[in-house]
Amino acid sequence: AIDTQVYDTFEIERIAAVAFELARKRNNKVTSSEKHNVMKSGVLWKEVVTSLHQKSYSDVKLEHMLADALGMQLVRWPKQFDVIVTDNLFGDMLSDVASMLTGSLGMLPSASLGAADANGKRKAMYEPVHGSAPDIAGKGIANPIAMIGSFGMALRYSFGLGEAADRIEKAISDVLASGLRTADIKGEAAASISTSAMGDAIVAALQKTL
């Protein structure tokens, strides 16, 4: 069996540009990941990302890390990373590793962002990583944090409302710090709360910041 991975320079530039633009709105750091030590597509990936960085995004900190080492470092010290850019193969695996650092898929918002057009606008889709979860619909046990977080990402990346997004993310953090938990993240907590109760708690925490 033979699988061929093909990347053109323009594709890598498009993906890397999205990563650098996102980093400018976050902590201004990009980690590019591939396996240039064993894959020729990885050699091209590293060369193109480095060239684009030097040409257009030198204000953003760029580091390179082999994909297997990055998987280890995600588990060891996840907070060292901000924006990670990689190809579809390694991105699929690394995103799954990253997803479980939070303990539950119910904690994970996501954004699928296209490249900006001539007017600076980009097509985007926001959703919880877990999808619609029809098997638990109507039971009141779903974690709403991923959905609420996805809305926060939409405010930040599609509407330019970074302050509003910060308030939503802080409200989520404050509720979790208070000890409230849905069933999927209950752990050793004495009890869990319903989907609507978690949503109400986040809304109440958000209102305190307004």
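How are α6 and α7 oriented to each other: oblique or roughly parallel? I started my notebook with that question. The model I am reading is predicted.

**Entry 1: α6 and α7**

I looked up the two helices. Helix α6 covers residues 162–177, and helix α7 covers residues 195–207. Their axes come within 8 Å and cross at roughly 120 degrees. An angle from 65 to 115 degrees would count as roughly perpendicular, and one over 145 as roughly antiparallel. The crossing fits neither, so α6 and α7 are oblique to each other. I also noted the hand of the crossing, which is right-handed.

Then I listed who meets whom. From α6 come Arg-167, Ile-168, Ala-171, Ile-172 and Val-175. From α7 they meet Met-198, Ala-201, Ile-202, Ala-205 and Leu-206.

I checked one more residue of α7, Ala-204. Ala-204 has a relative accessible area of 35%, so I wrote it down as partly exposed. I also took a distance across the model. The C-alpha atoms of Ala-204 and Lys-46 are 46 Å apart, with these positions 158 residues apart along the chain.

**Entry 2: α3 and α4**

Next I took a second helix pair. Helix α3 (residues 67–76) packs with helix α4 (residues 88–99) at an angle of about 10 degrees. Their axes lie 10 Å apart. Angles under 35 degrees count as roughly parallel, so that is the word for α3 and α4. On the α3 side I found Ala-67, Leu-70, Gly-71, Leu-74 and Val-75. On the α4 side they meet Phe-90, Leu-94, Val-97 and Ala-98.

**Entry 3: the cores**

I turned to the nonpolar cores. The largest one has 21 residues. Phe-20, Val-30 and Val-49 have the most contacts inside it. At least two residues come from each of α1 (9–24), α2, β3 (83–86) and α5 (145–157). Helix α1 gives the most, with eight residues.

A second, separate core holds 14 residues, including Leu-155, Ala-171, Ile-185 and Ala-205. I had already met Ala-171 and Ala-205 where α6 meets α7.

I then followed Phe-20 outward. Beyond its neighbours within four places in sequence, Phe-20 is in contact with Val-30, Val-49, Leu-52, His-53, Tyr-57, Val-60 and Leu-62.

**Entry 4: His-53**

His-53 was on that list, and I looked it up next. His-53 sits in helix α2, residues 40–56. Is His-53 buried or exposed? Its relative accessibility is 14%, so His-53 counts as buried. Its side chain reaches the backbone oxygen of Val-60 at 2.6 Å. Setting aside the neighbours within four places in sequence, His-53 is in contact with Phe-20, Ser-58, Val-60 and Leu-62.

**Entry 5: Ser-32**

My next stop was strand β1 (residues 29–34), where Ser-32 lies. Its relative accessibility is 0%, so Ser-32 counts as buried. Which side chain makes a polar contact with the side chain of Ser-32? I found Trp-45, at 3.0 Å. Trp-45 is also among the contacts of Ser-32 beyond four places in sequence. The others are Val-49, Leu-62, Glu-63, His-64, Met-65 and Val-85.

**Entry 6: Asp-8**

Last, I went to the segment before α1, where Asp-8 is found. Asp-8 has 39% relative accessibility, so I noted it as partly exposed. I took one distance here too. The C-alpha atoms of Asp-8 and Ala-19 are separated by 17 Å, and the two residues are 11 apart along the chain.

Methods
Residues numbered from 1 in each chain as written. Predicted model: local features only at pLDDT ≥ 70, side-chain atom pairs only at ≥ 80, totals over all residues. Heavy atoms only, no water. Helix = DSSP H or I, 4+ residues; strand = E, 2+ residues; numbered from the N terminus. Buried < 20%, exposed > 50% of the residue type's maximum accessible area, 1.4 Å probe, protein only. Polar contact = N/O pair within 3.5 Å; in protein donor to acceptor, adjacent residues only side chain to side chain. Contact = heavy atoms within 4.5 Å. Core = buried A, V, L, I, M, F, W, Y, C linked by side-chain atoms within 4.5 Å. Axes fitted to C-alpha atoms, helices over the stretch in contact; angles between N-to-C directions. Left-handed = near helix turned anticlockwise from the far one by under 90°.
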